[in-house]
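Work through the following exercises with the sequence and the model at hand. Each task is followed by a solution in steps.

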Amino acid sequence: MPNGTDEIDKTPFEGMLINDDAFLNQLEGRYPCPKCSKSRKYFCYTCYVPVSELDGKLPFVKLPLKIDIIKHRNEIDGKSTAAHAAVLAHEDVSVYTYPNIPDYDHDTVLIYPSFEALTINQLFDEHSKRGILNMLPKGHNKTTLMTAKSRDDSIEDYIDVKHNGNSILPVKKAVFIDSTWNQSKGIYKDTRINSLRCVVLQQRISQFWRHHKGSPRWYLSTIEAVHQFLIEIHLNMWGLNSEYDGLKNCFSDRKVNNLVLNNSNSYDGQYDNLLFFFRHMYKLIHTYYDHQTLYAYKRRLL
């Protein structure tokens, strides 16, 4: 196991507010999709609806903006985590298979590490919005959400750090490419895609169990990337609830708990249930396989 991941790998979802998934273990066998009638376990990964046995039991996640996920045609539907977002946040998430994608306007960003990509914080700056991270006291590193102060220090200095009062996000939609890294390069050549402003996320150690040869552990699954993006957007816009303790595994540095803003919208796990199926499947995988033996968790960090 690479250095720096041991502690995170012990409790990768610690502090996150994810609903209890025990009832999923009570489902026996497979069930017909209520739309296409194909045999499915928990949800249909082509229709993006849960099986009838789970009606009213799954968490619903409301997002502050729209999410489009563009799948490579060779991506296996049943192994992709894109469906997790489409099922759990069905009002705000759409999935398309390339090249059948919509046209996008200037209010849309692409999550992709191009040479001119912006961080989320820079995205807010570009729109003349003073994000929460820009207003932190001296001693903080905006780029990594790190703080030089110890957690034993008083957090009074961080209370009531306010956004400028504007509740309008700098973007209305974010686009994610659901594919391997090499496949994504082909999709990015499309002018409908590479004409969009690009945004990069903070480094986060992936807990995805699928191994992609040559990729570091910073390469997130689609659902992890969507979760990370939404957290970073939310922190810049509305700050962090002082009682929430689920960010420690979302960033490369774990000292992120002093970014506090007292208001009703500050981050308190609002998007954590996007990982509802992801965490459940993670636990199932680790029931049958030892973490140390899975190649996905032996990937390099750099």
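**Exercise 1. Decide whether Ser 114 is buried or exposed, then place it and list its contacts.**

Step 1. Ser 114 counts as buried because its relative accessibility is 18%; buried means under 20% relative accessible area, exposed over 50%, and partly exposed in between (1.4 Å probe, protein chains only).

Step 2. The residue sits in the loop between strand E7 (108-111) and helix H3 (120-126). Helices (H or I, at least four residues) and strands (E, at least two) are DSSP runs, numbered from the N terminus.

Step 3. Not counting residues up to four places away in sequence, Ser 114 touches Tyr 188 and Cys 198; contact means heavy atoms within 4.5 Å.

A note on the source: this is a predicted model, in which local features need pLDDT of at least 70 and side-chain atom pairs count only at pLDDT 80 or more, while totals for chains, interfaces and linings use all residues. Residues are numbered from 1 along each chain as its sequence is written, and side-chain values use heavy atoms, with hydrogens and water left out.

**Exercise 2. Describe the surroundings of Val 109 in strand E7.**

Step 1. Val 109 has a relative accessible area of 0%, so this residue is buried.

Step 2. Leaving aside neighbours within four places in sequence, its contacts are Leu 123, Val 171, Lys 173, Ala 174, Val 175, Arg 197 and Val 199.

Step 3. Phe 176 is 67 residues from Val 109 along the chain, and their C-alpha atoms are separated by 9.0 Å.

**Exercise 3. Find the salt-bridge partners of Asp 92 and say which parts of the chain they tie together.**

Step 1. The structure holds ten salt bridges, each a side-chain nitrogen of Lys or Arg within 4 Å of a carboxyl oxygen of Asp or Glu.

Step 2. One of them joins Asp 92 to Lys 62, with the closest N and O atoms 3.2 Å apart. Asp 92 lies in the loop between helix H2 (82-88) and strand E6 (93-97), and Lys 62 in the loop between strand E4 (49-50) and strand E5 (66-71), so this pair ties together parts that are 30 residues apart in sequence.

Step 3. Asp 92 also forms a salt bridge with Lys 66, where the closest N and O atoms are 2.7 Å apart. Lys 66 is in strand E5, so here the parts tied together are 26 residues apart in sequence.

Step 4. Asp 92 is buried at 4% relative accessible area, whereas Lys 62 is partly exposed at 45% and Lys 66 is partly exposed at 36%.

Step 5. For a further case, take Asp 190 and Arg 192, whose side chains meet in a salt bridge at 2.9 Å, N to O. Asp 190 is buried at 13%, and Arg 192 is partly exposed at 27%.

**Exercise 4. Classify the aromatic pair of Tyr 112 and Tyr 188 and that of Tyr 267 and Tyr 271.**

Step 1. A search of the whole structure finds ten aromatic pairs. Rings of Phe, Tyr and Trp (its six-membered ring) pair if their centres lie within 6.5 Å; planes under 30 degrees apart count as stacked, over 60 as edge-to-face and the rest as tilted.

Step 2. Tyr 112 and Tyr 188 are 4.3 Å apart centre to centre with 15° between the planes, and the pair is stacked. Tyr 112 lies in the loop between E7 and H3 and Tyr 188 in helix H4 (residues 181-188), so the pair ties together parts that are 76 residues apart in sequence. Both residues are buried.

Step 3. Tyr 267 and Tyr 271 form a tilted pair, at 5.5 Å centre to centre and 35° between the planes. Tyr 267 is buried at 0% relative accessibility, and Tyr 271 is buried at 3%.
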